[in-house]
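Let's walk through this model together, starting with the overall fold and moving on to the helix packing and the ligand surroundings.

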Amino acid sequence: MNVAEKRVLRYLETEKMLNDFFDAFGYCFDRCIRVEIEKNGGMPVSACCKNRYHCLYDLDDPAFGILRSERETLYGKPEDQVNPNPVSPCEYHGSSGCRLATHKSPICLAFMCRESIDALRENYGIFSYDYLGMNYALEWILTGDFSEKDYTDFKENIIRMTERIRQTRL
Ligand code: SF4
Ligand code: SF4
């Protein structure tokens, strides 16, 4: 395994931790998407997926290329996605939302809107989620510009936030 492949592996491990965090939080579907679908008479909505964010901010770096290539092997190329009634310019946005269960781009993985960040603060007392900071951290995992110490702190923070949500919801 070469260096870029190892970085992608680390990125995917981090993605799993972030998916756990978002699952525990549960805000996007419960408080936003479900409500928007109801308002839209049961038809799909795009919520915050209003651009082709899967590639919009890709960096010219081998690990970004590997991430994209693995994504396309697993989920198909963007141009091969079938969307008869598209609600978003993003090809991976299907009728039930994002088709990418894994291998999202850093910005897709990191993004939280103002309302969801406010809910994180008000409901769980979590003030440490900064979505641009999260985006850069994910980019640095891919480019290798993240020190081991910063990576360890970053992972521990995700685990801490997830545990805090779980404990509060018990
Ligand atoms: S980040 Fe905000 S706009 Fe996007 S799905 Fe979640 S709650 Fe909705
Ligand atoms: S890849 Fe997924 S999360 Fe990113 S913009 Fe498209 S539908 Fe949204």
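## Fold, packing and ligand shells

Following the chain from its start, the protein runs in the order α-α-α-β-β-α-α-α-α. That comes to seven helices and two strands, where helices (H or I, at least four residues) and strands (E, at least two) are DSSP runs numbered from the N terminus. The radius of gyration is 16 Å, close to the 15 Å that the globule rule gives for 170 residues, so the protein is as compact as a globular protein of that length. Here the radius is taken over C-alpha atoms, and the rule is 2.2 Å times the number of residues to the power 0.38.

Please keep in mind that this is a predicted model: local features need pLDDT of at least 70, side-chain atom pairs count only at pLDDT 80 or more, and totals for chains, interfaces and linings use all residues. Residues are numbered from 1 along each chain as its sequence is written, while chains are lettered from A and ligands numbered from 1 in the order in which they are written.

Now to the packing of helix α1, summarised here.

| Helix pair | Angle | Axis separation |
|---|---|---|
| α1 (residues 3–25) and α7 (residues 148–169) | about 20 degrees | 9 Å |
| α1 and α6 (residues 131–143) | about 150 degrees | 7 Å |

The axes are lines fitted to C-alpha atoms, for helices over the stretch in contact, and angles run from 0 to 180 degrees between N-to-C directions. The α1 and α6 helices are therefore roughly antiparallel to each other, a label for angles over 145 degrees. Their contact (C-beta atoms, placed from the backbone, within 7 Å) involves Arg7, Val8, Arg10, Tyr11 and Thr14 of α1 with Leu138, Ile141 and Leu142 of α6. On the α7 side, α1 residues including Leu18 and Phe21 meet α7 residues including Ile158 and Ile165.

What surrounds ligand 1? Its neighbours, with a C-beta atom placed from the backbone within 6 Å, are Tyr27, Cys28, Cys32, Ile33, Ala47, Cys48, Phe111, Met112, Cys113, Glu115 and Ser116. Helix α2 (27–39) gives the largest share of this shell, four residues, and α5 (114–124) supplies at least two.

Around ligand 2 you will find Cys49, Tyr53, His54, Cys90, Tyr92, His93, Cys98, Leu100, Lys104 and Cys108.

How values were computed: Contact = placed C-beta atoms within 7 Å. Parallel < 35°, antiparallel > 145°, perpendicular 65-115°, else oblique.
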